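Subject: Structure handover

Hello,

Here is the structure I promised you. Please open it alongside this note; what I found follows below.

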Amino acid sequence: MRSEEWWAARHARLVKNEESFREYNNRRLEREPVDADDDEELIPFVCECGNFECVQALLATADAFTEAHSAPDRFMVIPGHVFEDIERVVSTRDGYQVVEKFDMDVDAEWAREATG
Ligand SMILES: [Zn+2]
């Protein structure tokens, strides 16, 4: 497999994992008896990092969760659970970090250069 194909496959897999955790968290939030903009009650969400084996919980309010997912390519992870080749940290809060996916096309370019 050529390096950019490998990279694209890895990217897709990680994003898929993160999206499934985000969906899980969304359903979780729907079941919580709080308003979507509640900023007091801490809710245990699952870490949305790309590690398939990570099932650790992070605590955040409904308001923080909603804010962290203001864009479709943003995810909430435990501090340090960042895959630096596919995403960057956009904010660091108490107990979690918000990461944003790199743009796929731009990064395929970057990956080709990085791997020669
Ligand atoms: Zn994690």
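Three strands make an open sheet, ordered β3-β5-β4, with antiparallel pairing. At its edges lie β3 (74-77) and β4 (87-93), each of which pairs on one side only. From one strand to the next, the twist averages 30°. Keep in mind that this is a predicted model.

Now the β3 pairing. Four bridges join β3 to strand β5 (residues 96-101), and the two run antiparallel. One residue pair to look at: phenylalanine 75 has valine 99, in β5, as its bridge partner.

Next, helix α1, which covers residues 3-31. At 1.5 Å a residue, its 29 residues should span 42 Å. The end C-alpha atoms are 43 Å apart, so the expected and computed spans agree. Buried residues in α1 are Trp7, His11, Leu14, Glu18, Phe21, Arg22 and Asn25. When you look at that list, remember the helix geometry: an α-helix has 3.6 residues a turn, so residues three or four places apart point the same way.

Leucine 14 of helix α1 is worth a closer look. Why does leucine 14 count as buried? Because it has 20 C-beta neighbours inside 10 Å, and 20 or more is the cut-off for buried. Leaving aside residues up to four places away in sequence, leucine 14 touches Gly50, Phe83 and Ile86. The C-alpha atoms of leucine 14 and phenylalanine 52 are separated by 8.4 Å, with the two residues 38 apart along the chain.

Best wishes

How values were computed:
Residues are numbered from 1 along each chain as its sequence is written. This is a predicted model: local features need pLDDT of at least 70, side-chain atom pairs count only at pLDDT 80 or more; totals for chains, interfaces and linings use all residues. The expected span of a helix is 1.5 Å times one less than its number of residues. A residue is buried if 20 or more other C-beta atoms lie within 10 Å of its own, exposed if 12 or fewer, and partly exposed in between; C-beta atoms are placed from the backbone. Two strands pair if DSSP finds at least two bridges between them. Axes are lines fitted to C-alpha atoms, for helices over the stretch in contact, and angles run from 0 to 180 degrees between N-to-C directions. Two residues are in contact if their C-beta atoms, placed from the backbone, lie within 7 Å.
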